[in-house]
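Here is a short report on how the parts of one protein model meet. Look at the sequence and structure first, then read on.

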There are 2 protein chains.
Amino acid sequence: MPEAATAPFPPRAVIGDSEFDRDTAVTRREPGVYDIDLSAGWTIIRAVNGGYLLAVLGRALADTLPHADPFSVSAHYLTASRPGPAVIRTETVRTGRTLSTGQASLFQYDDEGNEVERIRVLASYGDLATLPDDVRTTATPPPIPPMDQCFGPEDGPAPVDGSSAIADRLMLKLDPATLGWALGTPSGKGEMRAWLGLADGRDADPLSLLLAVDALPPTAFELGLKGWVPTVELTVHVRHRPAPGPLRVSITTRNLAGGFLEEDAEVWDSEDRLVAQSRQLARVRLS
Amino acid sequence: MPEAATAPFPPRAVIGDSEFDRDTAVTRREPGVYDIDLSAGWTIIRAVNGGYLLAVLGRALADTLPHADPFSVSAHYLTASRPGPAVIRTETVRTGRTLSTGQASLFQYDDEGNEVERIRVLASYGDLATLPDDVRTTATPPPIPPMDQCFGPEDGPAPVDGSSAIADRLMLKLDPATLGWALGTPSGKGEMRAWLGLADGRDADPLSLLLAVDALPPTAFELGLKGWVPTVELTVHVRHRPAPGPLRVSITTRNLAGGFLEEDAEVWDSEDRLVAQSRQLARVRLS
């Protein structure tokens, strides 16, 4: 038996000690000012993934604010971030007993040495563990086939041209019903569904949900559009602390008009709870 | 024939000369600083309506930024606004060719004379008239019966205790299917639908859409909950300039959990176009 087949699985990474935690770690330079080296590991083509950026800003705000969990995070994307050094400046807007509100901006230097703002965030934080346990919901988990009937980047040729380093960081298994774009036959429906986890096995937490809502291929691909779909604005609501195990993510676009579309994401945990909702406004190039 | 019956209808107000325009008008004190007297005419019980506040901030940003139309506006509500004087401070975050981004905060003085921030907004503005005319949509207008089969506050006893001055400013006709709460028999479904206009006949424009997304009774009423449902965060996407005529607004709540719920609003114009989408995170008191 070849040695590789007998080697044990690598140990699963845990929350606090994983690729995601290391790559989103911020260093407090002084109160409200944080340094980070944006990892090239979370890029799509050459752009840093917007969900990864949101998690980075979310971590800085969790340090600044008296509450640790993002409840509602609204981000406006100003210019495209690049891998490399960045500075985050946060501000405490208001602190309350159950909710506190903060603001954060991420800056980088451009080629001319000018500081450029990449993304600005307004966010309200709370403590998910203190919420009452009531749930009244009509929402149902997305109809995704079992994971072994879904497909990831490792199951075929890379569907997106260029380097997508983020694919190596994620466990992504797309519902075959929303995979037509990768085979040249997009469904024409604005839907994308997948099982999602982190490649090193780290379970989800409220912070990684900020990544999860923007980690799937854009619904525009299934609408037959190609190319970059830059986010203008993205708002996430974290509704519950996710249980261990893979997430299911469903993204829906109902209205493409005037070169803009919305992407509505739902994230469900392994206990069939709706743990996050998001909506983004994005631009498309009409071909 | 009594004289009242022969009196002509009052002339319809027009965009730029109406209650809404007068009550949202801001006065530029200096670049980026605006004064306004928040009108008591847009209150529910004693609180100033969140959509009216959004329109006020939207008007200040339209003056500050090089683009006039709100494309995406994210508001975090910090403390409850009161009728009376307020100051708005705006900041230009980024200006681009097709989109510019700004920030605005509204402040009032509390009883002790301290300046208190009421609401903070991040927003991206553009020019709706320059967008291409393409529409690819699977969204369909909400199933609201004809207006003469719907009901407004004038058709029955006031369903909400206390003074709701905003009811006099709006033309609001609720779908009977979402009116159970007013009769003591809430449907248990998180839905609210209505025809909506301004009482003086002023047509909708992109700015008044910011009011429209937060003008209906809360879906929580149809879920059997009573009382105040304060907004934590509200984001609006304006997708198209509305045609003249009444709007149809549909609000849906799918998930109430941990004392929070989302309200998703869609606004449709008289030409069956989806002109705005919004989502808010709100708190409920569970009884």
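The text below goes from the two domains of one chain to the meeting of two chains.

This is a predicted model, where local features need pLDDT of at least 70, side-chain atom pairs count only at pLDDT 80 or more, and totals for chains, interfaces and linings use all residues. Residues are numbered from 1 along each chain as its sequence is written, chains are lettered from A and ligands numbered from 1 in the order in which they are written, and side-chain values use heavy atoms, with hydrogens and water left out.

**Inside chain A**

Chain A splits into domain 1 (8–127) and domain 2 (148–283). These bounds come from an automatic or database domain assignment. The C-alpha centres of the two domains are 20 Å apart.

Strand 5 of chain A gives the largest share of the side of domain 1 that touches domain 2, nine residues. Strands (E, at least two residues) are DSSP runs, numbered from the N terminus. One salt bridge joins the side chains of Asp203(A) and Arg12(A), at 3.4 Å from N to O. A salt bridge here is a side-chain nitrogen of Lys or Arg within 4 Å of a carboxyl oxygen of Asp or Glu.

**Two interfaces in numbers**

Contact means heavy atoms within 4.5 Å. Buried area is the accessible area (1.4 Å probe) that two parts lose on being put together, summed over both.

| Item | Domain 1 and domain 2 of chain A | Chain B and chain A |
|---|---|---|
| Residues in contact | 34 residues of domain 1, 32 residues of domain 2 | 55 residues of chain B, 55 residues of chain A |
| Buried area | about 2800 Å² | about 4900 Å² |
| Share from carbon and sulfur atoms | 58% | 50% |
| Salt bridges | four salt bridges | eight salt bridges |

**Between the chains**

Which residues of chain B lose the most area to chain A? They are Arg136(B), Arg239(B) and Arg254(B), together 16% of what that side buries. Arg239(B) also forms a salt bridge with Glu262(A), with the closest N and O atoms 3.1 Å apart. Strand 16 (residues 274–283) of chain B gives the most to the side that touches chain A, seven residues.

Over all chains, the count is eight aromatic pairs. Rings of Phe, Tyr and Trp (its six-membered ring) pair if their centres lie within 6.5 Å; planes under 30 degrees apart count as stacked, over 60 as edge-to-face and the rest as tilted. The ring centres of Phe260(A) and Phe71(B) are 5.3 Å apart and the planes stand at 80°, so this pair is edge-to-face. The pair crosses between chains, from strand 15 (residues 260–268) of chain A to strand 5 (residues 69–77) of chain B.

Note on methods
Helices (H or I, at least four residues) and strands (E, at least two) are DSSP runs, numbered from the N terminus.
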